[in-house]
Amino acid sequence: MDFDDTPEQRQLRDAVAALGRRYGHEYYLEKAKSGGHTTELWNEAGKLGYLGVSIPAEYGGGGGGITELAIVCEELSAAGCPLLLLVVSPAIVATILARHGTEAQRQRYLPAIADGTTKVVFAITEPEAGSNFHRLGTVARREGDGWLLSGRKCFISGVDQAQHVLVVARTADEATGKLKPALFLVPTDAPGLTRSQLDMEIVATDKQFLLYLDDVRLPADALVGEDPEVGLPALFAGLNPERITIAAGSVGTGRYALSRAASYASTRSVWGRPIGTHQGVAHPLAHAQIHVELAGLMVAKAAARYDAGRDLEAGTAANMAKYAAAEAAALAVDTAIQSMGGNGMTTEYGVATLLGMTRATRIAPVSREMILNYIAQHVLRQDRSY
Ligand SMILES: Cc1cc2nc3c(=O)[nH]c(=O)nc-3n(C[C@H](O)[C@H](O)[C@H](O)COP(=O)(O)OP(=O)(O)OC[C@H]3O[C@@H](n4cnc5c(N)ncnc54)[C@H](O)[C@@H]3O)c2cc1C
């Protein structure tokens, strides 16, 4: 057991932190509030190899693991630039394609995801199915050699910036007639695919969309993998990287908020001495700091297990990390605001701007209740009620 980064990981952490600092939260806010995107930061991170750290070297990546991608997510968030699409394009989609895509899909998509020239977003959530993916209603029907896709998706992040969307649909099993999951790479400009932006109370550069798939015609090679049985394992392959990287981003956001608050508390003087000298201010910050660091440990554990190929144990740790980090980030942002008084609620001080995002990470990509269900069933061996 080693609680320190390797020298290479330390180097990566320092370099990503330096890149994040060059842009910073003001840059992020300006883009988010004007409806823009963090294109410059994304492209630079791509060129420097940070987006592709976990993509195999033979497909243009850095050949590292989810540990390295988690470091990238954490450090950019710690600089006030929480890039949600890191969790989608390099973490979920690239992992699924690296593990389950065809050779042609790996060659086509992975190098472009790694250098940032292509973004592929991920669409599983549906209005009627919600957290219960067994109820997914998006269906793919065979048409000649290809497919026709119909259905609806909601809350899909970053569709406006992406070239493709990886859609989770269902196909009829030829033997049983039952529907089973299958993943399709759909160009965002495909005829029959339309979108509308959701109004969300989140200050972020990556927006959420409703997607309508109305008989979207796809070629045979849009299906991920060669074997029709690959759908379910491919879907599951994306879950651990998603949870670990979103958790790492939350740890970074928690660090960001607490560092802003700590520097404020040590300089703001109301009764002749800095407010941080009052335990009523310092203790809640210390309490939140402990929770952020604990969550960071669980992220590292989950990532280490995942990178060691211990998927099942990584699943439990990734769920716990996601839960702990989302709660810690929400606590850190709320506590930071309280310690900054009225300034905590201003845009200028750059902490209240994270309220919507940290609140949302307690719901997405998997809600705290569904994680508690998982732990209750798989760790505590309780029967499920649903
Ligand atoms: C900012 C943001 C970005 C997102 N980006 C994407 C994306 O890019 N792609 C994508 O596919 N989806 C995305 N989502 C969707 C997200 O994954 C879902 O919102 C989430 O999985 C919860 O599903 P739901 O909203 O349908 O809630 P529901 O499933 O309707 O649940 C509502 C509430 O009931 C609780 N609940 C439901 N079932 C149970 C149960 N059995 N036991 C206890 N409690 C239960 C839930 O925990 C929740 O609190 C995003 C969401 C947000 C907010």
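**Exercise 1.** Is the crossing of α4 and α6 left-handed or right-handed?

*Solution.* This is a predicted model, so treat each value as computed from it.
- Start by finding the two helices: α4 covers residues 84-100 and α6 covers residues 231-267.
- Next, look at how their axes run. They come within 8 Å and cross at roughly 145°.
- Now pick out who meets whom. On the α4 side you'll find Leu 84, Val 87 and Ala 91, among others, and on the α6 side the list includes Pro 233, Ala 234 and Ala 237.
- The crossing turns out to be right-handed.

**Exercise 2.** Work out where Lys 322 sits and what its side chain reaches.

*Solution.*
- Lys 322 belongs to helix α8, residues 311-339.
- Check for a charged partner: Lys 322 is buried but has no salt bridge. The nearest side chain of opposite charge is Glu 327, 7.0 Å away, and a salt bridge needs the atoms within 4 Å.
- Look for a backbone partner instead: the side chain of Lys 322 gets to the backbone oxygen of Thr 361 at 2.5 Å.
- Leaving out residues up to four places away in sequence, Lys 322 also touches Arg 243, Ile 246 and Ile 371, among others.

**Exercise 3.** Describe how α8 packs against α10.

*Solution.*
- Helix α10 spans residues 368-378, and its axis is 10 Å from that of α8.
- The angle between the two is about 140°, and α8 passes α10 in a left-handed crossing.
- Lys 322 turns up here again: it is one of the α8 residues that meet α10, along with Tyr 323 and Glu 327. The α10 residues in this meeting include Ile 371 and Leu 372.

**Exercise 4.** Which residue offers the nearest side chain of opposite charge to Glu 68, and how far away is it?

*Solution.*
- Find Glu 68 in helix α3, residues 66-78.
- The residue you want is Arg 13, at 9.2 Å; Glu 68 is buried and has no salt bridge.
- Try the backbone: the nitrogen of Gly 65 lies 2.7 Å from a polar atom of the Glu 68 side chain.
- Farther off in sequence than four places, Glu 68 touches Gln 9, Leu 12, Val 53 and Asp 307.

**Exercise 5.** Is Tyr 212 buried, partly exposed or exposed?

*Solution.*
- Go to strand β7, residues 208-218, where Tyr 212 lies.
- Its relative accessible area is 30%, so Tyr 212 is partly exposed.
- Thr 194 is 18 residues away along the chain, yet its C-alpha atom is 5.2 Å from that of Tyr 212.
- Beyond four places in sequence, the contacts of Tyr 212 include Gly 151, Arg 152 and Thr 194.

Notes: Residues are numbered from 1 along each chain as its sequence is written. This is a predicted model: local features need pLDDT of at least 70, side-chain atom pairs count only at pLDDT 80 or more; totals for chains, interfaces and linings use all residues. Side-chain values use heavy atoms; hydrogens and water are left out. Helices (H or I, at least four residues) and strands (E, at least two) are DSSP runs, numbered from the N terminus. Buried means under 20% relative accessible area, exposed over 50%, partly exposed in between (1.4 Å probe, protein chains only). Lys and Arg count as positive and Asp and Glu as negative; His and the chain ends are not counted. A polar contact is a pair of N or O atoms within 3.5 Å; within protein, one must be able to donate a hydrogen and the other to accept it, and residues adjacent in sequence count only if both atoms are side-chain atoms. Contact means heavy atoms within 4.5 Å. Axes are lines fitted to C-alpha atoms, for helices over the stretch in contact, and angles run from 0 to 180 degrees between N-to-C directions. A crossing is left-handed if the near helix is turned anticlockwise from the far one by less than a right angle, and right-handed if clockwise.
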